[in-house]
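Thanks for coming. I'll put the structure up and then walk through what was computed from it.

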Amino acid sequence: MTEAAAHVLVVDDEPQILRGLKVVLRSAGFQVAQAATKREALDAIAVRPPDVIILDLVLPDGNGVEVCEEVRRWSTLPIIVLSAVGDEREKVRALDAGADDYVTKPFGTDELTARIRAVLRRRDTGDGADPLVRVGEVTIDVAARRVTRDGAEVHLTPIEFDLLRVLAVHRGKLVTHRRLLREVWGPGYGEETHYLRVHVAHIRRKLERDPARPEILLTDAGVGYRLAPEP
Amino acid sequence: MSSTRRRSAGRAVAAACEVVVTVALATALVAALDAVAPTSGLAVVYLLAVLTVAIRRGWPAALATAVVSVLAFNYFFIAPVHRLTIADRENVAALLVFLVVAVVVGRLAAAARDRAAEAEARARIAAQREDEAEMLAGIATLLLRGSSLDRQLDAIAARVARAVGAPVRLERSSAPASRADERSVPIPVSHGRLWAHLPRDAAPDEDVLGRVRHGLAAIVDIAAERERATARAAEADSAQRADIAKTAVLHAISHDLRSPLTAITTAAAGLGDERIDDADRAELVSVVRDESARLAQLVDDLLDLSRVQAGAVNPRVDWLDVNEVVGRAAAQVEAARVSIELPVDLPLVRADATQMERVFLNLLDNAVRFSPPGRPVRVTGGAASGQVTVRVIDEGPGVPLGQADAVFEPFYRGRRGSGPAGENGAGGGAGAGLGLAICRGFVEANGGRLLLQRPTGGHGAIFAVSLPAARPPAEPA
C-alpha cells in the first residue's frame with residue numbers, strides 16, 4: 001500500500017492543535033479525520049477503522065488509556081499517544097495497555113510524521129517477519145538463536161538472548177518494561193526492572209561499540225527499550 | 001534541738017572555760033608577784049583578765065570574769081586565806097571598789113568590742129554585695145555578648161553557684177524537672193519560668209540565694225525581651241527580602257515569557273504579508289520555531305520548578321543504572337564533547353528515570369555551554385559508603401567564591417559564560433536560570449544530594465550528584 005492513502009485519526013479536544021495537525025499531516029500525504037472526545041473516537045474507529053490513531057491522553061469524557069484498552073480488544077491498529085511532561089504515569093499505562101509509541105508535547109511535526117511512518121511500516125512488514133535482524137555490525141538470527149558481531153559469534157546467556165529476541169521481533173517498536181519482563185521471565189513478572197537494568201548492561205557490553213552510548217539497544221527513560229529501527 | 005541552740009550552748013561552754021582559765025592565769029600571776037609587791041595592789045592584774053575576756057567574749061563573759069576574779073582574789077589572797085570570808089572591813093571595801101571597776105572596765109571593753117565586730121560584719125556584707133553585683137554584671141555581659149539565653153544558662157549557673165557556694169543547675173521550662181536529690185527554687189522572671197535546682201545536701205548561703213534570685217530574674221527578663229525583639233526584626237527583614245526576591249522573579253518570568261511571544265507575534269504578522277520573498281519567509285518560520293521551542297522549555301521549567309517548590313515532585317521510583325541514564329543524557333548534548341568515565345559496575349539506584357535524565361541533561365548542557373571550545377566535559381564517579389556519586393566536571397570559568405549555594409537559587413544567572421552574552425542569551429540553551437534549582441529539587445526528591453564542588457587547583461566547576469546505592473533482591477536462577 002502507499003503512504004499517501006494512509007488514513008490518520010487525530011483524537012484531541014484542543015481545536016488549535018487539530019487545526020495545525022490537519023494541515024501538517026495532509027501536506028505530509030495523509031488523509032486526516034478528527035475526534036474530540038473518547039466517545040467520538042470509539043465511534044469513528046468502529047465506523048471506519050483508520051490506519052493510525054494519534055491519541056491525546058487527556059480527553060473531556062475519559063482518558064486515552066481507556067481508548068487503548070477498548071481498541072485492543074478487537075484490533076491491533078497502530079496507536080501513537082500524545083503525552084505532556086508530567087504525564088509519565090499515564091503514558092506508561094497507555095503503552096502497557098497496547099499503544100505502540102508516543103510523542104511528547106510540544107512535538108515537532110517531523111518527529112510525529114516519522115513515528116507515523118514507522119508504525120505503518122511495521123504494520124506492513126509484520127512483526128517478526130524477518131528471521132534475520134541486522135543492526136549495524138550485529139546480526140540476530142532469531143530462529144537459530146545466534147548472534148554475531150562483525151561475523152564473529154557473540155555468546156549470550158539464554159535470558160540475554162530472549163531479551164534481545166523480543167526487541168528484535170518488534171524492531172523499532174518501544175517495548176515496555178512490563179511487557180519485556182512478562183515475555184522473558186513469565187506472566188508473574190512486571191515490576192522487577194532491576195533484572196532488565198543488569199541484563200541490558202551485559203548485552204550492551206557484548207554488542208555495543210561504546211556501551212555508554214548505545215546505538216543498538218536503546219533506552220526510553222522510565223518506559224522501556226527498543227531495538228534501533230531500520231535506517 | 002536546733003543547730004543554732006546547740007551552737008550557742010557550745011559557745012557558752014567555751015566562754016566559761018575561757019573565764020576560768022583566764023582567772024586562773026591571773027591568779028597564778030598574782031601569786032608570783034605576791035612576793036615582790038603588796039597583795040592589795042595586785043588586784044589590778046585581775047582587771048587585765050576582765051579586759052581580755054571582755055574584748056574576746058563580750059559583756060556577759062566579762063561580768064562573769066569580774067565576779068569570779070573577786071571570789072578568787074578573796075579566796076587565795078585575802079585573810080583568812082582559802083576561805084570566802086573576809087576578816088578585815090577595809091578589804092571588803094577594796095573588793096567592792098575592785099568589783100565596780102572591773103564591771104565598768106568590762107562593760108566599756110565589751111562595748112568597744114561589739115562596735116568593732118559590727119563594723120567588721122558591715123565590711124563583710126559590703127564585700128559580699130560587691131561580689132554579688134559583680135556576678136550579676138558578669139551574667140549581664142554574657143547575655144549582652146549576643147549569644148542566646150538558653151545557650152548561656154550553664155555559664156550563668158556556674159556563676160550563681162560560685163556566689164551561693166553550692167552547685168546550681170538552671171532550667172527554663174514551665175514545670176521544674178528536678179532530680180530526686182535536688183530542690184527547685186523559682187527565679188521570678190516575668191515571661192515563662194526559670195528554675196534553679198540545688199542539691200538537697202548542699203548548704204548554700206540562703207541569704208545570697210534570696211537576693212540573687214531577684215537580680216538574676218531582672219537580667220534574664222531583659223535578655224529574653226532582647227531576644228524576642230531580635231527575632232521580630234529578623235522576621236521582618238526576611239519577609240522584606242522574600243518580597244524583593246518575588247518581585248525579581250516576576251520580572252524575570254514576565255521578561256522571559258514576553259520576548260519569545262513578541263518574536264512569534266512579529267514573525268506571524270510578517271508571514272501574513274504576501275510580498276515577502278522565500279528567504280524572508282524561511283527566516284520568519286525559523287524564528288517562530290526557535291522561539292516556540294524556547295517558550296516550551298521555559299514553561300516546562302516553570303512547571304517543574306513549581307513542582308519542586310510545592311514539594312510535588314512525586315518521583316516514579318524505579319531501579320536505575322546510572323550509566324544508562326548518563327548515556328541517554330549525553331546523547332542529547334554535543335556528544336563529542338562529553339567524555340563518560342564511569343565504572344561499568346556501579347550499583348543500581350532507586351530513582352525516577354525521567355527526572356534523573358533531566359538532571360544529567362541539564363548539568364551536561366550547562367557544562368558544555370560554559371567549557372572553552374574544544375575542551376571536554378568529563379563525567380566521573382564511583383560508589384562509596386552506600387552512595388553512588390556522579391561528577392560532571394567542566395573547565396569553564398567556575399563559580400565565584402561564595403556563590404556555591406546561590407547557583408541553586410531559581411533565576412540565578414551565572415556570569416560564567418566566556419562567550420558573548422548575546423549568544424548565550426538567545427535560543428533555548430541559556431534558560432532562565434531555573435535549571436540548577438530544578439536539578440537540586442529533583443535530586444533531593446529522589447533521596448539524593450546535588451553539590452557544587454571546587455576542583456583542587458585549576459578552574460572549572462564540579463557538580464556532584466549522590467544517590468543512595470540500592471541492593472536489588474536476587475534474581476531467581
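**Where the two chains meet**

The contact between the chains takes 26 residues from chain A and 28 residues from chain B. Before going further, please keep in mind that this is a predicted model.

How is the size of an interface often given? As the accessible area lost when the parts come together. For chain A and chain B, the buried area is about 2,200 Å². Carbon and sulfur atoms give 50% of that area.

Next, the polar side of the contact. How many salt bridges are there between chain A and chain B? The count is 3. One of these pairs the side chain of A:Arg204 with that of B:Glu324, at 3.5 Å from N to O. Residue pairs in polar contact across the interface number 10, with both residues at pLDDT 80 or more.

Which parts of chain A supply the side that touches chain B? Helices α4 (88-96) and α8 (193-207) and strand β13 (217-220) each supply at least two residues. The largest share comes from α8(A), with 10 residues. Sorted by class, the side of chain A that touches chain B has 13 nonpolar residues, 6 polar ones and 7 charged ones.

**A residue in the loop after α8**

Now to a single position in chain A. A:Pro211 sits in the loop that runs between α8 and β13 of chain A. Both α8 and β13 are among the elements that supply residues to the side touching chain B.

Is A:Pro211 buried, exposed or partly exposed? Its relative accessibility is 33%, so A:Pro211 counts as partly exposed; the class runs between the cut-offs of 20% and 50%.

Leaving out residues up to four places away in sequence, A:Pro211 touches A:Arg204 and A:Arg205. You have met A:Arg204 already, as the partner of B:Glu324 in a salt bridge. From A:Pro211 to A:Val200, which are 11 residues apart along the chain, the C-alpha separation is 10.0 Å.

**Chain B as a whole**

Finally, some totals for the other chain. Chain B has 11 helices and 10 strands. Of its 477 residues, 36% are buried. The accessible surface of chain B comes to about 26,300 Å², and carbon and sulfur atoms account for 59% of that surface.

What share of the contacts in chain B with a separation of 6 or more is between residues 24 or more positions apart? That share is 64%.

That is the end of the walk-through. I'll leave the structure on the screen.

Methods
Residues are numbered from 1 along each chain as its sequence is written. Chains are lettered from A and ligands numbered from 1 in the order in which they are written. This is a predicted model: local features need pLDDT of at least 70, side-chain atom pairs count only at pLDDT 80 or more; totals for chains, interfaces and linings use all residues. Side-chain values use heavy atoms; hydrogens and water are left out. Contact means heavy atoms within 4.5 Å. Buried area is the accessible area (1.4 Å probe) that two parts lose on being put together, summed over both. A salt bridge is a side-chain nitrogen of Lys or Arg within 4 Å of a carboxyl oxygen of Asp or Glu. A polar contact is a pair of N or O atoms within 3.5 Å; within protein, one must be able to donate a hydrogen and the other to accept it, and residues adjacent in sequence count only if both atoms are side-chain atoms. Helices (H or I, at least four residues) and strands (E, at least two) are DSSP runs, numbered from the N terminus. Ala, Val, Leu, Ile, Met, Phe, Trp, Tyr, Cys and Pro count as nonpolar, Asp, Glu, Lys and Arg as charged, and the others, Gly among them, as polar. Buried means under 20% relative accessible area, exposed over 50%, partly exposed in between (1.4 Å probe, protein chains only). Accessible areas come from the Shrake-Rupley method with a 1.4 Å probe; for residues, only the protein chains shown count as cover.
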